[in-house]
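Trainee: I have a protein model open and would like to practise reading its computed values. Could we go through them together?

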Amino acid sequence: MMISRDIRYVGVNDHEIDLFEGQYRVPNGMAYNSYVIADEKTAVIDSVDARFAREWMDNIQSVLGNRVPDYIVVQHMEPDHSGSLIRFLEAYPDTKIAASGKTFEMIQNFFGADVSARRTAVKEGDTLSLGRHTLRFIAAPMVHWPEVIMTYDAADKVLFSADAFGKFGALDAEEDWDDEARRYYIGIVGKYGGPVQTVLKKAAALDIQTICPLHGPVLNENLGYYMDLYGKWSSYTPEEDGILIAYTSVYGNSRKAVEQLAETLKANGQKVTVCDLARSDMSQAVADAFRYSKLVLATTTYNNDIFPFMREFIEHLTARGFCGRTVAIVENGSWAPSAARVIRGLLEKSKDLTYVDPVVTIRSALNETSAAQLELLGKALCGEAAAPESASGGNKKFVCKICGYVYEGETLPADFVCPICKHGTGDFEEIQ
């Protein structure tokens, strides 16, 4: 693939992989991108996964012939990009390594190799002349490892962006860029919105006509569109006004409530995506939570906690800086519903969340009371007046700290005994 007169693509497609980084489903494989700049001096930009070393080096030779690369620029040391590095260095013992200082520490840690004699350490603003092309290095720490650099070629106005602007999927896969790039960004880079914002500000000062990432296609059209998406993702701004309903259900009763709520919301013109966390791709659910402005969490009480898939989902959100969204809760519990309390506790790590009343409490299955709560919640999510506290009967809730049983009433009687564990009022606390 020709990027410009002097720049060629020498990466590989991986259709053998099923889970990227051991957790992200990639039904359409992955691309490990690498590039060659052939000038008076030559430079290779990054390597590929070790399983494809031979194919990658054949690709390099097809571009350079018998020329020996003068430099290999190592932008990122994650093994999907550095796995073939040592084999390359053995084949080309005179090639210099241009990389950040931390990269050389990682080369030693990963491979036990002393490459000090071949070291060309670079930092923010440093340049490397190849002839017509002068490479300028941009420090990009924590996008998404600490050693990362990006590389800008002013001659052809190309930004080699490391993992930024990457996506899941091999280059021969026909799929929507947004969905797989969003899933990739939120899952892998999402925690590091601040560092990404810093790099985007640096990129805004450059004249960029082509972006060459380490995964996914080369971008050379509508770059403002991709920059805008990255700006939203890294600032945790919802892409669009919509509602994700993420749920778990053991015997189908919570699912029925979710389906009823979704129908109500769609009938009122809301964009709604429903996700069964036990069966859906978790990374897709997490990406959708960041995509939309509102999130409904519906789950059963389970062992005085919440269903494991819901806990995992929320932990993925908070680990990636989930914030600035509107959240509603539907809980289910046959004798001691406490899911709402657990969810609120888990989401304490998230900033600027707006909770919608009422919390819908289902006791085993929808009844007249919980169905009325569900109707009020639907109205509130559609922008109608928020439901008053009396939607749940105006009662306070007191939870048993021993077993999780929830008592509802204006006051907790002094002689009350928990019907589950038989503990008295001293082991109860009010749910705020």
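Trainee: What makes a side chain positive or negative here, and how many of each are there?

Mentor: Lys and Arg count as positive and Asp and Glu as negative, with His and the chain ends not counted. By that rule the protein chain has 43 positive and 59 negative side chains. Each charge is placed at NZ of Lys, CZ of Arg, CG of Asp or CD of Glu, and the centres of the two sets lie 2 Å apart. Do keep in mind that this is a predicted model, where local features need pLDDT of at least 70 and side-chain atom pairs pLDDT 80 or more, while totals for chains, interfaces and linings use all residues. Residues are numbered from 1 along each chain as its sequence is written, and side-chain values use heavy atoms, without hydrogens and water.

Trainee: What share of the residues counts as buried?

Mentor: Buried means under 20% relative accessible area (1.4 Å probe, protein chains only; exposed is over 50%, partly exposed in between). Of the 432 residues, 54% count as buried.

Trainee: Why are E23 and E24 called paired strands?

Mentor: Two strands pair if DSSP finds at least two bridges between them. E23 (residues 396-400) and E24 share four bridges, so they pair, in the antiparallel sense. Phe398, for instance, has Tyr407 in E24 as its bridge partner.

Trainee: What makes E24 and E25 edge strands?

Mentor: The open sheet runs E24-E23-E25 with antiparallel pairing. E24 (406-409) and E25 (428-430) each pair on one side only. On average, neighbouring strands of this sheet are turned by 25° against each other, direction ignored.

Definitions and conventions. Helices (H or I, at least four residues) and strands (E, at least two) are DSSP runs, numbered from the N terminus. Axes are lines fitted to C-alpha atoms, for helices over the stretch in contact, and angles run from 0 to 180 degrees between N-to-C directions.
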